[in-house]
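Hi everyone, and thanks for coming. I have a structure to walk you through today, so let's put it on the screen.

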Amino acid sequence: MRRMSRIPSVLAAFALSLAASSVCAGPPLDQILNYMFMDQSVPMKGPQLLFDVQKQIPLTKDSPIGQTFMTGPETTQVARVRAYLGPTGDWEQGEGAELTVWDSPEKKVKLGSDIVWYENRDFHYKQVEWDVKAPVKPNSAYYFEMTYAGSGDGQMGRVGLMDKTDAYPPGRGYLAGQPRDYDLCFQTHSRRAPDPIGNLKKMFARLDMDRPGLEEVKQAVEKDDFETAIAKTVQCFEARQEPSAIIRPEDVVNVNPEADTAEADSNMNATWRQVDMVGYGGRKLFLNAYQATGDEKYAKKLNDLLIEWYINSPPPSESRIGGCPWDDMWASLSAGLRLGHGFVAYSRMHTARSFTTDCRLAYIFSLADHCNTLVKYGGDAGGNWSFTQNSSMLTFSMNFPEFKESEVWRKTATDRLMEAIKKDILPDGVETESAPSYQRMAYNPLAGVFDDLILRRGLRTPFAADLSNILERQAEYFMYFPMPNGVTPWLGDWGHENDRGGVLKDAERFNRDDMRFVATAGKKGKKPKELSKLYPYAGVVTLRSDWGDAGRPFDDARYLLIHGVHYGAHGHQDINGISGLYAYGRELLTDPGSHEYGSPEHFKLTTGPSHNLMTIDGEDQNRRGETAFRNWSTTPVADYLSSYAAAYKGGDYTREVVFARANGTPGIRDYWIVRDTAAGSGNHSLEQRWRFVLDTPMQVNTQSLTTRTAYDTGGNLAILQVDPSRLKVEETTTDTWGARAKTSEPPTKLPTVVYSANTLLPAVIDTVLLPFEGKRPPSFRVTSLEKSPNGLESAFKITQGHVEDLFVFKKAPGKKYLASEKVGFDGERIFVRRVNGKLRSVLLVNGAGLTVAGKQIIKSPKRLSWVAVSLDPTGTKAYASSEAPGLAIGAGGAKVSVRIMNTDRLLRPVQAEAGKTLLTR
């Protein structure tokens, strides 16, 4: 049967549908190919084509807001109106915004309307859509009006305007029925009169029908026998095995009487707007139910949702609607993700009788439309967006040469991937985004291209030769980043996922025994060469006690992650924040995570006061301020980090961390000293915040200002202040949600403590973070030896049984002698450990000399960033930040070895072509 014979019925049905204000009638494929298109629009603000909102006015029960507009020369239906409507806190359950299309401002004839309810309000870019389906005439004037709907207080949002610019000359804005001197920020998305045969010819012209397997398709198209052409095209794609099959033999119904189909059943009446059709969620929901039951109703529901989605979400390459980053439906990332899912849903429902031929063909061509949309709109993407969409497009172009555009897709994707690799992979091998799960999201598609297209299929690309090294360096980062239980800390917008599976895949990909060791928690492979790790461009530092080789299980290691220097995409204002602290099998300190993008809740969680750091006057951090890692050492003696941020109006902020390692010394714990310094002048409030994992049992002593967790077994943490007399402590909570939760979901509460002081700046807060195992904290005493009123000059001793640790902090380098400890030094900071009264190890920061009990331990003709010395009867080991001719280490006659760590060079990474450091942002 020729599809041409349906034309009269299609046109008649379409005319009836316009009169009834319903979706166009006729065969589903004809409706899909009659693409909705951008008709009318105010000028948009580049480069992301957002509404240029110049003023906002409230939409209330008593003040409807409207706009007159013209239709274009091809418009026969206004299918949808998009406008700027920003939700306010007054928008509550049961309230909605209704948009109605009228014949004129006099509102004599109602042509179509729709309501956006509370559940579907949009926080991200406040660009709301109403599916009005209004029949109209070309080149004619009409009027739409927004009104309050529901039974609340009459307050619910603010409408965006372009004020006094005559932005849209064919029309004007209205308020409460009266014309005003502004235009609403709006667009109309319209449809043309149907042309089924013309649209089908255009669609089939995209195929290279001279390719083997398409002979019968070509013959049918030449005869205008489109019913046969459609069926043969579907048959050809489903039968193909090379280069890639679209149907997997294992995708068949496998009845499971225990399967839970409740969620699918509850969504049987849902529309495409009420389930996740942007991603894979809606497809997965009904596919799981269909494959577990074999019930055709689930396949039919998904078939109908797909058709509905194709009709109402036309590709921007054809419609000129969307395609920009703010447009979630057709943002290039969304398109790339769907293209990456490819034929997974198709294969899983291919046995269903309810999966119609029209829907199957639309599915095939829709993926090709995704590629064309990415070519047209995806050029500006970076980070995980670029790697995801271009890897998907490159793979699709290689797998489906039946499309004439496939060579364009291939070249575009390879060019963009090469550019993204140059731009978005930092010199330390880390992708530029801060959130670890987004980094994985960027890495995995590129690794897929490497594994499948380059290694297996021999694809030649400009970046093929370097890709293995690029990926392996980032895989090393994924090896060092997770906590000992394999879970990544919260950092930025997305984290807290178990990454052991990913690290194991990397171990196989690169044949790395150290990655295998980490992925299997020490059961296979060999431990990594380093414990603590700094990434100077990415701004990530992990401080780790061991790899399970210290006589304890792998998962019991102590771990702390601090974020500095690089805010990064999807990063929060958390420079100097401790994103995670883990010890003895338990995560103890955490960040509160993220929320639905654009929501007030999400914004709050990105701010400085939402992280484990110190603020000045409760301010958020300034992302434009200078940041730097100023010093870094990692040795068996101790780790030391100094991280700086010009973060607050009240003053600059420096956080120093010393990780004092136990190093197997019996009866003691390793711990961290955290020194928070606020520069500036005048009187200000300092607030140091610590957030604990959900439902953590807490004990806070307001007299000693000691905080500790109170688990009966496993890991615990005590927080002690070196100078508690200057501080007060408050026990409170922090709202948190699951990652990007819906704003309708109630928050949970993270236990939180805040140490604060009102003080003249500059000033310091010195804190001890002591992890321990079991219910009873270890014997641990902090004794203040010297202190200045603001804490800038401080000396204190920490005693654990037979071990004494001395810390001295000076506000500037210089000579100092501490008579009570018989320690003298020329420098800025020292750490001195004695065990049973005997000197065991020292760390000198920004100094040139150190003596203990009259014996010269360190002497250098020049000031070094740091020197560490470990003294042992079997020999003395020294470590230095850089080459130091003339450096002398006193060992009392023992053999001395000196290792140059070159951390000064690590902290000064330079872009060779520009000669600029990348230590800021």
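I'll talk about one helix, then the cores, the aromatic rings and finally the cysteines.

Before anything else, please keep in mind that this is a predicted model.

Let's begin with helix H14, which runs over residues 406–424. How far apart are its end C-alpha atoms? They are 26 Å apart, and that agrees with the 27 Å that 19 residues should span at 1.5 Å a residue. Quite a few residues of H14 are buried, among them Trp 409, Arg 416, Leu 417, Ile 421 and Asp 424. And what covers the buried residues of H14? The cover includes helices H12 (357–377), H13 (383–399), H15 (436–456) and H16 (464–480).

Next, the inside of the protein. The largest nonpolar core has 117 residues. Which of them touch the most other members? Those are Phe 204, Phe 343, Tyr 346, Tyr 363, Phe 396 and Phe 403. Helix H12, which we just met as part of the cover over H14, gives the most to this core, with ten residues. There is also a second, separate core of 47 residues, and that one includes Leu 589, Val 657, Val 753 and Ala 763.

Let me stop at Tyr 363 for a moment. Leaving out residues up to four places away in sequence, Tyr 363 touches Leu 306, Tyr 310, Gly 342, Phe 343, Val 344, Ala 345, Tyr 346 and Phe 355.

That brings us to the rings. The structure holds 36 aromatic pairs. Ring pairs join Tyr 363 into a cluster with Phe 237, Phe 343, Tyr 346, Phe 355, Phe 365, Phe 396, Phe 400, Phe 403 and Trp 409. You may recognise Trp 409 as one of the buried residues of H14.

Two arginines are worth a look here as well. Arg 338 lies over the face of Trp 330, 4.8 Å from the ring centre. In the other case, the charged end of Arg 586 sits over the ring of Tyr 711, at 3.6 Å from its centre.

Last topic: cysteines. How many disulfides does a search of the whole structure find? Zero. Take Cys 236: the nearest cysteine sulfur belongs to Cys 371 and is 18 Å away, while a disulfide needs two sulfurs within 2.5 Å. Cys 371 is in no disulfide either. Are these two cysteines buried or exposed? Cys 236 is buried, with a relative accessible area of 14%, and Cys 371 is buried too, at 0%.

Thanks for listening, everyone!

Key
Residues are numbered from 1 along each chain as its sequence is written. This is a predicted model: local features need pLDDT of at least 70, side-chain atom pairs count only at pLDDT 80 or more; totals for chains, interfaces and linings use all residues. Side-chain values use heavy atoms; hydrogens and water are left out. Helices (H or I, at least four residues) and strands (E, at least two) are DSSP runs, numbered from the N terminus. The expected span of a helix is 1.5 Å times one less than its number of residues. Buried means under 20% relative accessible area, exposed over 50%, partly exposed in between (1.4 Å probe, protein chains only). Contact means heavy atoms within 4.5 Å. A nonpolar core is a set of buried Ala, Val, Leu, Ile, Met, Phe, Trp, Tyr and Cys residues joined through side-chain atoms within 4.5 Å. Rings of Phe, Tyr and Trp (its six-membered ring) pair if their centres lie within 6.5 Å; planes under 30 degrees apart count as stacked, over 60 as edge-to-face and the rest as tilted. A charge sits over a ring if NZ of Lys or CZ of Arg is within 6 Å of the ring centre and within 35 degrees of the ring normal.
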